[in-house]
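Hi everyone, thanks for coming. Let's walk through one model together, so please have a look at the screen.

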Amino acid sequence: LMSQPDWVITASELSKKLGEVFLLDVREPEEYAESRIEGSTLIPLGEIQSRAEAELKRDDEIVVYCAHGVRSVNALMALRMLGFAKTRSLEGGICAWEEAQLPIQR
């Protein structure tokens, strides 16, 4: 599954696209409160199925992230099955984002 090149985006690629993509954080509210990528929207992984239709747009380019990139892949698969074709997962999650010394909102 992860061999699909259009399924993932790296932190440096994403940093150049901020403002153009819909950033979706699928972590838990307490993690989001601690640190997040600016401009992101929180929908915890467990709520994706019930909230995606109402809160996301199928035409948007969506980048999903979590802490390390595991939950975001689960969210990505769920979203793609719901017809959100332009969805990618941030490789390595917010940890990779921080390691790349990109700005974090606290």
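Here's a starter: is Arg-71 buried, partly exposed or exposed? With a relative accessible area of 24%, Arg-71 is partly exposed; buried means under 20%, exposed over 50%, and partly exposed in between, with a 1.4 Å probe and protein chains only.

A word on where this comes from. This is a predicted model, where local features need pLDDT of at least 70 and side-chain atom pairs count only at pLDDT 80 or more, while totals for chains, interfaces and linings use all residues. Residues are numbered from 1 along each chain as its sequence is written, and side-chain values use heavy atoms, leaving out hydrogens and water.

Back to Arg-71. Its side chain meets that of Glu-31 in a salt bridge, 2.9 Å from N to O; the rule is a side-chain nitrogen of Lys or Arg within 4 Å of a carboxyl oxygen of Asp or Glu. Arg-71 sits in helix α4 and Glu-31 in helix α2, so the pair ties together parts 40 residues apart in sequence. Helices (H or I, at least four residues) and strands (E, at least two) are DSSP runs, numbered from the N terminus. By the salt-bridge rule the count is ten.

Another pair is Glu-61 and Arg-88, at 2.7 Å from N to O. Glu-61 is in the loop between α3 and β4 and Arg-88 is in strand β5, 27 residues apart. Here Arg-88 is buried, at 19%, whereas Glu-61 is partly exposed, at 26%.

Now the sheet. Five strands form an open sheet in the order β1-β5-β4-β2-β3, with parallel pairing; two strands pair if DSSP finds at least two bridges between them. β1 and β3 stand at the edges with a single partner strand each, so one side of each has no neighbour in the sheet. Strand β2 is joined to β4 by four bridges, and Phe-22 has Ile-62 as its bridge partner in β4.

What about the interior? The largest nonpolar core has 13 residues, and Leu-56 is among those with the most contacts inside it. Such a core is a set of buried Ala, Val, Leu, Ile, Met, Phe, Trp, Tyr and Cys residues joined through side-chain atoms within 4.5 Å. Helix α4 gives the most to this core, with three residues.

Last, how many disulfides are there? Zero, taking a disulfide as two cysteine sulfur atoms within 2.5 Å. The sulfur of Cys-66 is 8.6 Å from the closest cysteine sulfur, in Cys-95, too far for a bond. Cys-66 is buried, at 1%, and Cys-95 is partly exposed, at 26%. Thanks, all!
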